[in-house]
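Here are a few exercises to work through with the model open beside you. Try each one before you read its solution.

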Amino acid sequence: MRNGFLLVTLFVLGIEGLQLSGILRSSETGGFLLLLAGTIAGIVWFIQANRNRTPSRSERENFAWKLRSTRERERAFYELATTLSSTLDFQKVLDATQDIGKLALHDPDPNERLISAVFLFQGDKRELHPISSRGLTQKDSSRLTAGKQGVLGLALQQDDPVFAINAKKDNELSYYAGFQPCLSLVAIPLRAGFEEYGVMVFGSEKSNAFSDESVDMLKAIGKQATIALQNAFLYQKLLTEKERIVEVEEDARKKLARDLHDGPTQSVAAIAMRVNYIRRSMERQPQQAIEELGKVEELARRTTKEIRHMLFTMRPLILETQGLVAALHQLSEKMRDTHNTNVVIEAEQNVEKWLDSHAQGVAFYIIEEAVNNARKHAQSDHIWVRLKRQNTAYLVVEIEDDGVGFNISEVNTDYHLRGSLGMVNMKERAELIEAQLQLTSQAGVGTKITMVVPIKRQPSDVTEPIRPVAHIDNPLQISANPPTQPQKDKSNIPYATKRSPSS
Ligand SMILES: Nc1ncnc2c1ncn2[C@@H]1O[C@H](COP(=O)(O)OP(=O)(O)OP(=O)(O)O)[C@@H](O)[C@H]1O
Ligand SMILES: [Mg+2]
């Protein structure tokens, strides 16, 4: 330090000497040289001051703390990144995304509050739901938003992170109490290809809280999180699908048990009673006993047919070997044979080839239940089953009768009390193949069920290209969006009805 002053003093004296001797005349030059002298003095002082100085205790502690926290951040970052790439748990993905985002955005500063939320599109209206958050109020957590304006809307439109400086002025986030004190906001869209999942938002009460580098990192996290979300969604869908298949099978077993109880079991009990009566009346009224025997024989034959019919509907082998239309023709024959019911099959040639064997099996079950309903409840002269292709995207199945019709609303209202399973089963099975069912009925005119099945395969003998389902004009307003998983609820109305004139 002393040396520095000495050097500068000598330097300034030298300059003055030169000016006095007339070599340097200009006062501007003198000012510049004085500035230069000051800078050199500063540098010399800095070098001197730091050459042999040992850091103070608090400086050492501070340095050690920073090193420790950097290591901890790195470890946490690594762990969260591993969680993100390995978990199929939806909630864990959302939590890890926010935690890792927080680490990426900030140096650890215990005094700074960071608010974050992951908004995902949900529901028919495709609104943004704050599915997971840090620092939002309970009320905020149930508040939905459109995702059309403010940082949310902009991030989604631009498919890029968007900054904002005041949450109170944001058209959508201002409604969230948790975000209101934020003076820095960044919104990162969560999107994979054409699939838009939602937006992740971070907010800080400090202004200019987020650097460009940290936002770049956040963008990478957003991409990783979207893939993790996609996997979690698919896994969830798979689980739900599995559960539904098990439930559908269980319902089918229940229905079979009830049908066996109501049908063949009753008939066999009646046969036993009549045989008992015949045995007792054989000696006293032999003629009547013979007549009764004839009736019992007829009843036994009918019961055999009923059981055969049930076995056929349970596992129509012809469906596996010759396909849906052949199985429907056999159903029609059996309906005539067993129940004296007239079922007319009108199918376009080779129409079943547009459905895979699983979809054909499900379609058969639904048609069989609808035909059976018409037989049991409609007292109709005819039942028609029609199968036709609606351009290359849908296969339309209609089951129509000219019977008594019924009041759909009334049946829907007390459906859960009736002990019926037929319509619920039909609806659930249709969901398994993503088909849409529509029921119309009119008193005295009849009932019609329309099922629209999306075509997912191209039969080998049809060369016409299949257009993607989403671009087809849909006569029955089928959603082009991926279907949300319906919740199974037996008390639910089994059909969304289009029209119910008798109600
Ligand atoms: N084609 C139809 N004509 C007249 N009424 C019908 C017709 N289809 C259904 N229904 C009415 O709707 C009700 C519900 O039908 P659903 O198939 O769910 O039950 P179910 O046939 O009574 O019993 P299950 O199918 O469980 O053996 C029927 O009880 C009947 O009143
Ligand atoms: Mg039924």
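A residue counts as buried under 20% relative accessible area, exposed over 50%, and partly exposed in between (1.4 Å probe, protein chains only). This is a predicted model, in which local features need pLDDT of at least 70 and side-chain atom pairs count only at pLDDT 80 or more, while totals for chains, interfaces and linings use all residues. Residues are numbered from 1 along each chain as its sequence is written, chains are lettered from A and ligands numbered from 1 in the order in which they are written, and side-chain values use heavy atoms, with hydrogens and water left out.

**Exercise 1. Find which residues coordinate the magnesium ion, and work out how they sit in their helix.**

Step 1: look for donors, meaning N, O and S atoms within 2.8 Å of the metal (3.2 Å for Na, K and Ca); water is not among the atoms, so sites may look incomplete. Glu-369 (OE) and Asn-373 (OD1) coordinate the ion, ligand 2, at 2.1 Å.

Step 2: place them. Both belong to helix α11, and because they are 4 residues apart there, about one helical turn separates Glu-369 from Asn-373. Helices here are DSSP runs (H or I, at least four residues), and strands are too (E, at least two), numbered from the N terminus.

Step 3: are they buried or exposed? Glu-369 has 3% relative accessibility, so it counts as buried. Asn-373, at 15%, is buried as well.

**Exercise 2. Describe what surrounds ligand 1.**

Step 1: collect the shell, taking a residue as near if one of its heavy atoms lies within 4 Å. You get 18 residues, and Arg-258, Asn-373, His-377, Tyr-415 and Leu-421 come nearest.

Step 2: sort by helix. α11 (357–378) is one of the helices that supply at least two residues each, along with α7 (212–281), α13 (415–418) and α14 (422–432). The largest share, 6 residues, is from α11.

Step 3: check the polar contacts (pairs of N or O atoms within 3.5 Å). Oxygen atoms of ligand 1 lie 2.8 Å from a side-chain N or O of His-377, 2.5 Å from one of Tyr-415, and 2.8 Å from a polar backbone atom of Leu-421. Taken alone, ligand 1 exposes 590 Å², and the protein buries 90% of that (Shrake-Rupley areas, 1.4 Å probe).

**Exercise 3. Zoom out: how many helices and strands are there, and what share of the residues is buried?**

Step 1: count 14 helices and 10 strands.

Step 2: take the 503 residues of the protein; 39% count as buried.

Technical notes. A polar contact is a pair of N or O atoms within 3.5 Å; within protein, one must be able to donate a hydrogen and the other to accept it, and residues adjacent in sequence count only if both atoms are side-chain atoms.
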